Structures are given as structure tokens and as C-alpha cells.
Amino acid sequence: MDHIEPDELAVLALEGREPDDDAARAHLAECAECRAEYDTLARTAALGRAGVPEGELEAPPASVWAGIHAELGLAPELAGDPLTGGRAVATPAAPAEPRPVAELPSRRRPWWPIAVAAAVGGILVGVGVGVAIGGLGDAEPTPVPAVVLASADLAAFPGWDGATGHATVEEDADGIRSIVVDLDASVPQGDVSEVWLIRSDASGLVSLGLLDGSSGRFVLPAGIDLTEFTLVDVSAEPVDGDPAHSGDSIVRGELVES
Amino acid sequence: MTTTSFAEIDDQALAREFAAGDERALREAYARWSPLVFRLALRSLGDRTDAEDVTQQVYISAWNGRHTFDRSRSTLSAWIVGITRHRIADAHEGRARARRLQEALVSEASVAPQPATDDLAERVMVAEELERLEPVPRRVMELAFYDQLSHTQIADALDLPVGTVKSHVRRSLARLRARWEVDDGPHRA
């Protein structure tokens with residue numbers, strides 16, 4: 001028989017199972033190539049499962065960095081122990097921020113929203129109240145201003161260097177919320193960009209629709225709780241009929257209440 | 001990057017700055033991975049002073065040999081772990097030499113080094129890569145790893161087609177694997 005299909009082999013290795021059907025099971029027993037692939041993937045899964053237990057890592061004493069600093073003759077402002085945040089001299093030119101030792105991965109900590117927040121960097125605070133300026137001077141009554149509820153700066157994902165975006169959630173006089181998304185990125189021809197709201201712990205996501213060009217407005221379904229779905233994501237989606245997120249995010253950012 | 005904090009840049013950007021010779025990148029690389037380097041040395045050598053020496057040598061070697069670091073072949077953390085392995089081996093060799101000179105030690109005394117099969121470095125590498133997956137594949141892998149769900153249960157839980165889950169599993173495992181199956185070639189600096 002042919003080699004076991006890659007998706008199938010990966011799932012078997014992940015779950016530590018033998019194939020259900022006899023021919024495939026026999027093949028896995030005989031085929032060195034499939035067997036090696038299976039074993040490596042199973043080992044990968046075991047490493048992933050094992051994680052990094054709390055307390056597994058400890059910091060070397062400050063004297064270690066001091067020795068490195070002296071031996072290499074590094075700049076004086078870098079003298080403080082990087083692990084405790086000690087800094088001999090903090091100059092504006094070299095604001096090397098301290099990082100706690102515990103920053104190393106812990107499998108229980110939801111990491112990526114933090115990373116996104118970090119990547120976004122300066123999260124926009126207090127956009128204030130946006131005023132929708134209607135047709136001035138017309139006979140119509142001046143529209144009631146839309147209130148800006150939240151906004152997000154959208155930062156580029158790896159592979160989308162230079163892409164940026166912005167999202168603003170507004171509520172109109174009737175209580176209808178909509179989100180305005182602007183994207184500045186060059187998306188390859190053939191792909192479409194789709195706008196998503198993602199739950200802060202990545203346990204769920206909602207598609208808001210396709211972004212036509214660089215800007216779009218999407219009405220938010222009434223049931224969406226923005227304290228729960230805090231991330232705005234624009235992804236590149238192949239036109240393949242698969243409704244799931246492609247996993248290829250262009251930009252993403254965290255909504256911050258105004 | 002001159003005004004941005006190095007603590008906030010991702011591993012790839014850090015590797016770029018490191019290779020380019022920015023001393024702040026060395027400092028940040030120390031902040032990120034010296035606990036791992038130290039732990040690997042301590043486990044293998046069983047002696048804190050020796051482990052501290054190895055940690056120091058690893059970062060000095062890495063900095064002096066930064067022109068040999070090839071970002072297309074390895075991540076910065078994997079490269080540093082590779083150097084760590086060599087420095088630990090050197091330390092064991094140095095001890096063996098000292099022991100032969102002394103001709104005194106017959107049996108292993110107080111120190112019982114951990115077996116070489118210790119996989120802490122691999123686990124840290126995989127955990128690092130897991131954190132870099134996109135939210136959906138990451139969620140898929142977390143449900144598989146930590147909640148022990150089967151791929152069909154994951155499909156139910158996330159309301160995804162089974163085929164999509166399988167495809168996420170294959171791509172994610174391939175990425176995680178590439179991270180721990182690092183090229184452990186010569187890293188002599």
C-alpha cells in the first residue's frame with residue numbers, strides 16, 4: 001500500500017495510536033520511512049505534553065553576567081543583572097527593560113494575548129468620543145454623534161512586515177455597534193482578507209466578514225461581549241471554501257475601552 | 001529599534017539584532033535563556049560553581065562567535081543550547097583530565113550527574129514554539145496535549161471540520177519538531 005497519508009500519520013502519532021485498518025497497520029510496521037516519521041512526531045508530542053514544569057528553571061547569580069560584561073567589555077549602561085532588572089546606569093539611548101526570570105514559558109499561562117499586547121506596544125488609550133459629522137448645513141437634523149466604545153492598534157504578524165491596521169468600535173444612537181477596520185498591507189492577489197473577533201483566551205472566534213480593499217465597517221452581532229472577545233484579527237484566507245481561520249494572520253490587536 | 005525596549009521584541013528580531021552586534025541583544029538573550037543554560041549545566045555537572053562557569057563561557061562564546069550564527073539554519077535559542085552542550089562536554093572532559101592526574105578518585109563521590117537523555121532543552125524549545133503558533137492551531141494542540149482530547153473531540157469542541165483539525169495537527173507538529181530537532185553541528189567559537 002501507499003505511505004500513510006501525512007495528516008493521518010500526524011494524528012496517529014499525536015494520539016499514540018496504531019492505524020485502525022489492517023493494511024495501514026501492517027504498512028506502519030513494515031515501512032521504515034513511515035515508522036521513523038511516526039516515532040519523531042510521537043516524540044515531539046511527548047515533549048509538548050511534558051511542558052516546562054514550574055520551578056524547573058532558576059536564574060544564575062548576578063556574578064555570571066558581571067563576568068560576561070567585564071570579559072566582553074560591554075557598554076557600562078548594560079552592567080546590571082538582566083535577570084533581576086538591576087541597571088547600573090539607565091540611559092535614554094539604551095532602555096533595556098528588565099525581564100523577570102519567570103518569563104520563560106509556562107504551559108498554563110495564556111501567552112499569546114500578552115505577546116500580542118507587547119507587540120502592539122503602545123496601546124491606544126482614550127481615543128475619546130468620535131463625532132460622526134453628518135451632512136452639515138442640510139435641512140436634515142444633525143445626526144446624534146456615534147460614540148467610540150473601544151479601539152485597537154493592529155500589529156503585523158511575522159511574514160507581514162510593514163502591515164498595520166486600526167479598528168474602532170462605535171455605537172450609534174440606536175445602540176447598534178459596528179467596527180471600522182482599516183488595513184494597510186499588501187495582500188497577494190487571490191487571497192481575501194477576513195476580519196475576526198477572537199476571545200482573549202483563544203477559545204473562540206467569530207468571523208465578521210471580508211474586508212473589501214483597505215477599509216470596512218462591520219455591524220457587531222448583538223450578543224457579542226467585547227470584554228470577552230477582545231482581539232481583532234485580520235487574516236489572509238485562501239478562497240477554498242473552508243470557513244475556518246487559515247491561521248495566517250496579517251495583523252492583530254487588542255481592543256482597549258475608550 | 002533604538003528607542004524600543006529589547007524586552008518586547010520577538011525571538012526572530014532579537015536574533016537579527018544579536019547577529020548585527022547590538023550588545024543590548026546579548027543582554028536580552030541572557031535574560032531569556034540563561035536560566036535554561038544554567039539549569040542544563042547544573043543538571044549535567046551537578047555543581048553550581050561549574051554551572052556558573054559554563055553559563056558565562058556560553059554567552060562569551062556566543063557573542064565572540066556571533067558571525068557563525070546562521071539565522072536560516074537555527075533559532076538563537078537553539079544555537080545557544082548547542083553551544084551549551086559543547087561547553088558542558090568540555091567541562092566533563094576537563095574533570096576527567098583532572099581526575100586522571102589525581103589518580104585518587106576511584107568511585108564517584110558526591111556528584112551524580114544526570115543522564116545525557118535529559119530533555120529539558122527540547123521541552124523548552126517545543127514550549128517556545130507552541131507559544132508562537134497561531135491562536136487556532138495553538139488551541140488545537142493545547143487541547144490535545146493538556147486536555148488529552150482526540151482529534152475528533154477537538155473538532156467538536158472548537159466546531160471545526162475534522163479535516164481542518166488534522167491539518168492543524170500535522171502542520172503544528174512539523175513546526176514543533178523542527179524546533180527541537182535542531183542541527184547540533186559544531187558551535188565552536
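What share of the contacts in chain A with a separation of 6 or more comes from residues 24 or more positions apart? I looked this up before anything else, and the figure is 52%. I note here that the model is predicted.

**Chain A, overall**

I went through the elements of chain A and found five helices and nine strands. Along the sequence the order is α-α-α-α-α-β-β-β-β-β-β-β-β-β. I then looked up burial: chain A has 258 residues, and 41% of them count as buried.

**Strand β3 of chain A**

I picked strand β3, residues 177-184 of chain A, for a closer look. Is this strand largely enclosed or not, and why? Six of its eight residues are buried, that is, under 20% relative accessible area, so the rest of the structure largely encloses β3(A).

Next I checked the pairing of β3(A). Strand β2 of chain A, residues 164-171, pairs with β3(A) in the antiparallel sense, over eight bridges. Within that pairing I found A:T168 opposite A:V180. The two strands form a hairpin, with five residues between them. In the turn I noted A:G175, which has a positive phi of about 80°.

β3(A) also pairs with strand β6 of chain A, residues 215-219. This pairing is antiparallel too and runs over five bridges. Here I looked up A:D182, whose bridge partner in β6(A) is A:S215. As a reminder to myself, side chains in a regular strand alternate between the two faces of the sheet.

**Chain B against chain A**

I turned to the interface. On the chain B side 67 residues are in contact with chain A, and on the chain A side 74 residues take part. Together the two chains bury about 6,100 Å², with 64% of that area on carbon and sulfur atoms. Which three residues of chain B supply more of its buried area than any other three? I found B:R27, B:Y30 and B:E131, which supply 13% of the area that chain B buries against chain A.

I then looked up the polar side of the interface. There are seven salt bridges between chain B and chain A. One of them joins the side chains of B:R39 and A:E58, at 2.9 Å from N to O. Residue pairs in polar contact between the chains number 14, counting pairs with both residues at pLDDT 80 or more.

Last, I listed where the chain B side comes from. Elements giving two or more residues are α2, α3, α5, α6, α7 and α8 of chain B. The largest share is that of α2(B), with 16 residues. By type, I noted 28 nonpolar, 15 polar and 24 charged residues on this side.

Methods: Residues are numbered from 1 along each chain as its sequence is written. Chains are lettered from A and ligands numbered from 1 in the order in which they are written. This is a predicted model: local features need pLDDT of at least 70, side-chain atom pairs count only at pLDDT 80 or more; totals for chains, interfaces and linings use all residues. Side-chain values use heavy atoms; hydrogens and water are left out. Buried means under 20% relative accessible area, exposed over 50%, partly exposed in between (1.4 Å probe, protein chains only). Helices (H or I, at least four residues) and strands (E, at least two) are DSSP runs, numbered from the N terminus. Two strands pair if DSSP finds at least two bridges between them. Contact means heavy atoms within 4.5 Å. Buried area is the accessible area (1.4 Å probe) that two parts lose on being put together, summed over both. A salt bridge is a side-chain nitrogen of Lys or Arg within 4 Å of a carboxyl oxygen of Asp or Glu. A polar contact is a pair of N or O atoms within 3.5 Å; within protein, one must be able to donate a hydrogen and the other to accept it, and residues adjacent in sequence count only if both atoms are side-chain atoms. Ala, Val, Leu, Ile, Met, Phe, Trp, Tyr, Cys and Pro count as nonpolar, Asp, Glu, Lys and Arg as charged, and the others, Gly among them, as polar.
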